[in-house]
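Work through the exercises below with the sequence and the model side by side, and attempt each task before reading its solution.

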Amino acid sequence: MTAHPSMLQKGRFSDAISPGTTPDENKAERFRALALPHLDAVYTLARYLLRDPSDAEDAAQECYLRALRHFDTFRGGPIKPWLLAILRNVCRAEYARRGRAAAPLDEAETDSENVPETLWSASDGSPEATSLVRLDAETARALIAQLPEPFREVLVLREIEDLSYREISQVIGVPVGTVMSRLARGRGLLRQAWRAEETQE
Amino acid sequence: MKCEDAIVLVHALADGELDAGHAREVEAHAEACNRCAGELAAAREMKNALAANDLRYAAPGSLRARIEGTMPKPQPVADRRTWLKGFALGGAVSALAASGIGFLVLHDAREDRLLGDAISAHLRSLQSEHLTDVLSSDQHTVKPWFNGRIDLAPPVPDLTAQGFTLIGGRLDFLDGQPVAALVYRRRAHVINVFVGQVLGAGSAAPQMQVVQGFNVLRWRKGGLSMIAVSDLNREELQEFETKFAAAG
């Protein structure tokens, strides 16, 4: 049974890393080899969740500090979801620091998820007529960044971080069904924003 | 299937997350239902529009350096192995230094031939049906197969749980030397691991190189040289080496 990273508490382990002894070094070496290749993935999620480059850097660094401290609790399998779960916790602590309640996640769930907004509506005409204009990367990133957080994070985890539904459900600690409905809703919202952007251009 | 379910499940279909049975059910529903067909088309369209660009962010070099700086440092008396490993597996800064080392190594004609042979053998294994002489996902079938065929016992770890499927093994030759070739698969990517007694000037610490566009990872363990060749990305090939070395 893998300890879920959501068990990790911010601040509980704020001591500095002790100078390395040999076993620590081996651990650090292994950690380096496994975790460092995913730095771009961690930083990417931090950018989308926090929407601020320097906050994202701080969060990524904090994520690696915590991950190394708790590397003993990592039980194998792909390490990327494990790292992203830690990063997400760091980001939620950052929301709290910014003075925003971390609650919006759960509120959004109740009112919007039971009424799935569909991607395609009759006004689009026939199903074949649904085509989206290609936007440049910066515009697409900005549109994703504007999505409400619960939908933004599943969309980023799926479409950009390439995680499976099961992995996403582990990262954010909700059932797979919830992942699926948030993703459907997220795509619907993104499509509306995309369409609006198209008409502006 | 109810439409309220299908309208969400078409997303899972578009994402390739449904098993064959459910996929057929959802497809059948979408064929008969204009609304769900539209939703499916729109989901695919949205996915394609997003896939058209790389929407990731690259971590700044300064961040990478800061993170590396917070990790326990190797002892000052660190032997060359640890040192090299740090380079081979570290970040962008280290990769730059490692490329210098790889460069020196590559200028040895023998090394060139060895790596050239490894790439050719990898390509041959992909082109023909001759991927394996012994076709089995069972390590206990593959390992004994090499008995009497080659004067070494290659490690044949079962890495299925880690996402690397053993396909089988065969005999091959690199630079005139007989080697055991183990074949693994990750998604659509084939990994050939060549195991020989002494394959070039390999160090114990894993060393990553790019040869003819393929990622080549070399290491030594248990008195054997290993060369892994694949079109798999660096990260996953490195992960493969870590798992292989740990299990073997």
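Two exercises follow, each with a worked solution.

Residues are numbered from 1 along each chain as its sequence is written, while chains are lettered from A and ligands numbered from 1 in the order in which they are written. This is a predicted model, in which local features need pLDDT (the predictor's confidence in each residue, from 0 to 100) of at least 70, side-chain atom pairs count only at pLDDT 80 or more, and totals for chains, interfaces and linings use all residues.

**Exercise 1.** Determine the strand order of the open sheet in chain B, and identify its edge strands.

Solution. Step one: the seven strands (DSSP runs of E, at least two residues, numbered from the N terminus) follow the order S1-S2-S3-S4-S7-S6-S5 in chain B, with antiparallel pairing, where pairing requires that DSSP finds at least two bridges. Step two: strand S1 (134–135) and strand S5 (207–211) of chain B pair on one side only, and are the edge strands. Step three: seven bridges join S6 (residues 214–221) to S7 (residues 224–230) of chain B, and Leu217(B) stands opposite Ala228(B) in S7(B).

**Exercise 2.** Describe how helix H9 of chain A packs against helix H3 of chain B.

Solution. Step one: H9(A) (residues 176–200) and H3(B) (residues 34–51), both helices being DSSP runs of H or I of at least four residues, pack at an angle of about 65 degrees with their axes 11 Å apart, the axes being lines fitted to C-alpha atoms over the stretch in contact, and angles running from 0 to 180 degrees between N-to-C directions. Step two: H9(A) and H3(B) are therefore roughly perpendicular to each other, a class that covers 65 to 115 degrees.

Definitions and conventions
Parallel < 35°, antiparallel > 145°, perpendicular 65-115°, else oblique.
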